[in-house]
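Reader: I should like to learn how to read the features of a structural model. Would you take me through one step by step?

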Amino acid sequence: MKRVILILTLLTTSIVYAGVSWNPSIGVNASYSATDFSKALDRTGSIWSSTFLEAEANPLAMKINHHEFSLPFSIGYRPSSDINDRMQMADSFTASLSLRYGFHISEKFLIEGGGGVRYRWYHKASGGSWSIGGNLSALFFPLDFMAISIPLTLYYGGNALDFTAGIGLRFVLGGGK
Amino acid sequence: MKKLLILISVMLTLISCRGEIQHGKVIFISVASDYSCTEGLQSLDTPPADQKALSEEIEILATESGEYYEEYLFLEADGKRTVNGIEKEWTSDDILNTIIGLETLSYDLIIFHYSGHGEEGSGAFAPGPSQNARLYPEELIETLKLIDGKKCLFIDSCYSGNLIEDKGALTSGERFDDNELVSDSILNSIIPAIEKSFSSNAENTEIWAFTAATSEQLSYDSYTDENYGAFTYYLLRALGYNTDSQEATIPGNGGDITFYDIVNEVRKSMPADLRRAASPQATLLPLDLVLFSF
């Protein structure tokens, strides 16, 4: 037990002296969403379009020099799609968790990439499904505490491939961007 | 910045263009029996009224949607068997042959309704005339797969959940204990959904089925209202039928009526104790079926 405490103390001290800062943030995104269902579910082979609105909380983001590691959690809503061949992609709510790495190219620019899981709930049908996937974002910081982001995501699960591309705002709440 | 704004405007324009439903046919096939001609099976009071009310409501909804309406009503009532009012000793083969004989296109809607007894174990319908005559769910599904069009099934019978094949892509939030519904929550679905979300069992038959009960439960000949089957009563109200004045009406808010709108409305409006004992089941898909569009 003493050894554990000693190791943790040394590790924490090293991290502090290595220039690690806590960098929590919150953000919102509005995206174009495109879904391709497998032939097993959709014979039309159509791409089902909608919008996707998402809010993100990132309380565990840590910045070490130019590198940033985070575990963002987000919730989202996708309205129903247009009608196609008498069918319509139903509206749904999502909850996502991902692991993300970011690299600060400069004071103003950040590139991020990561992977995670998403749960989608179709509330009228009272049914849900999981998907796994990745995300890529480019952020521009016009201000120290605020960034404009261009997020892209790609997730697969429940016999569906979901793609989103959008624009967002992120507000940094922590020590430094 | 200018280019970004143009791109966003194009995206928003593409997203905001609402697709229009093509206008085709709505075909209503209904099988209802009070078993007044069938020996050995308990008689039922409400199936003939279920069929009459549903046909009136679906006809008015189809007409208001600008679609051509066609109906095939297989009825056993007051000691007579009729098809569209004409006396005929119809059998389950006549029902299946009617389905196969339909001329349909991809955007046509076929609504199949059954109100009568269901067999324990198989969920088979008992359309008579003999007590041994059965129409099995698999036979009905395989026959429906042979024709074009979108199929919506409303089944008001015991053990009717046998019709909901576990081919849907989604995992339900319902939990049962001793054949009674004990909870319906997103939390119930999270763990079971892990396996289902990444398996390849999903199958698109273009059939959306809504049944009065699970594969283990009974359904009720009447409950809130003596005139209609328990499930059919709430189904009629969800479609816009006025069960008090027994009149077919158009729902006031207009717009689209989809399959999951009806499912959600029936589940919400049904008394908790009825829903616990006879829990309506639906095919679970991410794609909803647009039944009527105004």
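Author: The turns below go from one chain to the sheets, the helices and the contact between chains. Please keep in mind that this is a predicted model.

Reader: Let us begin with chain A. How many helices and strands does chain A have?

Author: Chain A has one helix and 13 strands. Along the sequence the helix comes at the start of the pattern, α-β-β-β-β-β-β-β-β-β-β-β-β-β. The C-alpha atoms of chain A fill a box of roughly 65 × 45 × 25 Å along the principal axes. Of the 177 residues in chain A, 41% are buried. Among contacts in chain A between residues at least 6 apart in sequence, 55% join residues at least 24 apart.

Reader: I would like to see how a single residue is read. Where is the place of K108(A)?

Author: K108(A) is in the loop between strand 9 (92-104) and strand 10 (109-122) of chain A. Beyond its neighbours within four places in sequence, K108(A) is in contact with F140(A) and F141(A). The C-alpha atoms of K108(A) and L136(A) are separated by 17 Å, the two residues being 28 apart along the chain.

Reader: Why does K108(A) count as partly exposed?

Author: The class follows from a count of neighbours. K108(A) has 14 C-beta neighbours inside 10 Å and therefore counts as partly exposed; a buried residue needs 20 or more, and an exposed one has 12 or fewer.

Reader: Now to chain B. In what order do the eight strands of its open sheet stand?

Author: The order is 4-3-2-1-5-6-10-12 in chain B, and the pairing is mixed. Strand 4 (86-87) and strand 12 (281-282) of chain B stand at the edges, each with a single partner strand, so one side of each has no neighbour in the sheet.

Reader: Which pairs show the mixed character of this sheet?

Author: Consider an antiparallel pair and then two parallel ones. Strand 2 (residues 68-77) and strand 3 (residues 80-83) of chain B run antiparallel and are joined by four bridges; within strand 3 of chain B, K80(B) is the bridge partner of A77(B). Strand 1 (residues 25-33) of chain B pairs with strand 5 of chain B in the parallel sense over seven bridges, and there I29(B) stands opposite F112(B). Strand 5 of chain B also pairs in the parallel sense with strand 6 (residues 150-156) of chain B over seven bridges, where K151(B) is the bridge partner of I110(B).

Reader: How should one read the two faces of strand 5 of chain B?

Author: In a regular strand the side chains alternate between the two faces of the sheet. In strand 5 of chain B, L109(B), I111(B), H113(B) and S115(B) lie on one side, I110(B), F112(B) and Y114(B) lie on the other, and all are buried. Strand 5 (residues 109-115) of chain B is largely enclosed by the rest of the structure, because seven of its seven residues are buried.

Reader: How is the packing of helix 2 and helix 7 of chain B to be read?

Author: Two packed helices are described by the angle between their axes and the distance between the axes. Helix 2 (residues 47-64) and helix 7 (residues 230-239) of chain B pack at an angle of about 15°, with axes 10 Å apart. That angle makes helix 2 of chain B roughly parallel to helix 7 of chain B, since angles under 35 degrees fall in that class. Their crossing is left-handed.

Reader: Which residues of helix 2 and helix 7 of chain B meet?

Author: From helix 2 of chain B, D50(B), A53(B), L54(B), E57(B) and L61(B) meet T232(B), L236(B) and L239(B) of helix 7 of chain B. The residues of this contact divide into five nonpolar, one polar and two charged.

Reader: How many residues does each chain give to the contact between chain A and chain B?

Author: Chain B gives 44 residues and chain A gives 35 residues. Among the elements of chain B that give two or more residues to the side touching chain A are helix 1 (2-16), helix 8 (259-269) and strand 13 (287-293). The residues on that side of chain B divide into 25 nonpolar, twelve polar and seven charged.

Reader: Which strands form the open sheet with members from chain A and chain B?

Author: Its order is 7(A)-8(A)-13(B)-11(B), with antiparallel pairing. Strand 7 (83-84) of chain A and strand 11 (256-258) of chain B stand at the edges, each with a single partner strand, so one side of each is left without a neighbour in the sheet. Helix 8 of chain B packs on this sheet and touches strand 11 and strand 13 of chain B, its direction making about 70° with that of strand 11 of chain B. Between the chains, strand 8 (residues 87-89) of chain A pairs with strand 13 of chain B in the antiparallel sense over three bridges. In strand 13 of chain B, L287(B) is the bridge partner of M89(A), and L289(B) is that of M87(A).

Definitions and conventions: Residues are numbered from 1 along each chain as its sequence is written. Chains are lettered from A and ligands numbered from 1 in the order in which they are written. This is a predicted model: local features need pLDDT of at least 70, side-chain atom pairs count only at pLDDT 80 or more; totals for chains, interfaces and linings use all residues. Axes are lines fitted to C-alpha atoms, for helices over the stretch in contact, and angles run from 0 to 180 degrees between N-to-C directions. Angles under 35 degrees count as roughly parallel, over 145 as roughly antiparallel, 65 to 115 as roughly perpendicular and the rest as oblique. A crossing is left-handed if the near helix is turned anticlockwise from the far one by less than a right angle, and right-handed if clockwise. Two residues are in contact if their C-beta atoms, placed from the backbone, lie within 7 Å. Ala, Val, Leu, Ile, Met, Phe, Trp, Tyr, Cys and Pro count as nonpolar, Asp, Glu, Lys and Arg as charged, and the others, Gly among them, as polar. Two strands pair if DSSP finds at least two bridges between them.
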